[in-house]
Each structure stands twice: as C-alpha cells, then as structure tokens.
Amino acid sequence: MASNNFFMNRSSKTILLFFVIILCSSLQYFSVSSFEFEVGDTKGWIVPPANDSNIYNKWASEKRFQMDDTIHFKYGKDSVMLVTETEYKQCNSTHPIFFSNNGNTIFKFDRSGFFYFISGVSGHCERGQKMIIKVMAPEDDTPPSGGDNNPPSSSNAVLIMSSSVSKVVIQFVLLFVGSSVLLQ
Ligand SMILES: *[C@@H]1O[C@H](CO)[C@@H](O)[C@H](O)[C@H]1NC(C)=O
Ligand SMILES: *[C@@H]1O[C@H](CO)[C@@H](O)[C@H](O)[C@H]1NC(C)=O
C-alpha cells in the first residue's frame, strides 16, 4: 500500500525536502556570488563591422561588472587576450597576461579595476575587436539595505537574484514544492 502512495511516505518526503533545500541554497549561492555576461550578446566575439567598430566598449558600458563575475567569449577562429593598458592602445599582442583560443573562453574578474581585452589575431584588434571593462570595487556597491562589506543577507540575496529572472522562477517553483511537502 505504501507503493500506491508514491509521493507521501515519510522517507521520500524527507529526501525530497533535502534536495529542495540543497537546490535552493546552491542557486542562491551562485546567484549572489557571480553573474556571467555574454560578450557581444548574440554576436559573440567577432571583428566588428567597419561602420560600427566600437561595439564592445558600447556593450561593456551598458553593463555593471563586479568582482567574481565572469564573462564568456564565444568565437570561431580567433582568440582572447588580457593585456595592459599600453598594449591595448597599441594592439600589442606579444606579451598577453592571459591568452585563450579555444572558442569558448570564460574569464573571471578576480579584482576590481580595469581589464583590457584584445583579439590576438593579426589585424583584428586594429579593426575594433577590443574591449575595456571596469570592475566595481566592493565599496562602490550600494546595496539596497545599506550593509557595506557584510556578506549579503538572504533578503539582499533575493534582490540581487532578480537580475536573473529564470533563476528566480526556478527558485519559486522549488520553494513551492518544498513548502507543499512540508505542509502535508
Ligand atoms: C552598418 O552597415 C550595415 C549594412 O551596410 C547597416 O545595416 C547598419 O545599420 C550599419 N550600422 C551603423 C551603426 O551604421
Ligand atoms: C609590445 O609589448 C611588449 C611588452 O609590453 C614590449 O616589450 C614591446 O616592445 C611592445 N611592442 C611594440 C611594437 O610596441
């Protein structure tokens, strides 16, 4: 008879509740600690069109980057380099601080300040495939509830999460499942 009652026996409730809690807390953890940006949105990391060569700095200026955020470069036969400011201005790709050419590069901001990216392919940087990103210092943040360098409280966490609607939706579904399990 317990087999008829497929959802309600005590141990499966406990197991389900356990997973709901783990999922909720991990979603919250990832949402609070980082956000991933898609460089160039759907275009990816390409040589910009000649009449619109500033697309990456335009893209970056519309975003707000924070420490521990990541950016994702998607590209074909190309590369991503992190260089110094001088090298950025000169499109000098001889001594990159960071280099990747696997077509799918994820870069994490491990500090605040400026990051200078260029394509390492000859001629691409000169044609505008380059980008400056400013990562906010933690003290630049003004969290809605005013805590300075304190770790986000769970109410802050929910606010920060609203930047990612799908995660919020998923979490509400999980909370709903969790509370219906609890109330039975
Ligand atoms: C650049 O040129 C393309 C086609 O020649 C055109 O569709 C596009 O609107 C132009 N972009 C700008 C920013 O002028
Ligand atoms: C490129 O940068 C490297 C290291 O920063 C420097 O040694 C080299 O002279 C630069 N090349 C040019 C053409 O400026």
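**Note on the five-stranded sheet and the ligand 2 site**

1. In this predicted model, strand 4, which covers residues 80-83, pairs with strand 5 in the antiparallel sense, and three bridges join the two. Along this pairing, V80 stands opposite S100 of strand 5, while L82 stands opposite F98, also in strand 5.

2. Strand 4 has a further partner in strand 7, residues 113-118, and here too the pairing is antiparallel and runs over three bridges. Within this second pairing, V83 of strand 4 has Y116 of strand 7 as its bridge partner.

3. Both pairings belong to an open sheet of five strands, whose order is 2-8-7-4-5 and whose pairing, taken as a whole, is mixed. Strand 2 (65-66) and strand 5 (98-100) stand at the edges of this sheet, and because each has a single partner strand, one side of each is left without a neighbour in the sheet. As a general point for a reader following the side chains, those of a regular strand alternate between the two faces of the sheet.

4. Turning to the ligand, which residues surround ligand 2? The surrounding residues are E87, Q90, N92, T94 and H95. Sorted by class, this shell holds four polar residues and one charged residue, with no nonpolar residue in the shell around ligand 2.

Methods
Residues numbered from 1 in each chain as written. Chains lettered and ligands numbered in written order. Predicted model: local features only at pLDDT ≥ 70, side-chain atom pairs only at ≥ 80, totals over all residues. Pairing = 2+ DSSP bridges. Helix = DSSP H or I, 4+ residues; strand = E, 2+ residues; numbered from the N terminus. Near = placed C-beta within 6 Å. Nonpolar A, V, L, I, M, F, W, Y, C, P; charged D, E, K, R; others polar.
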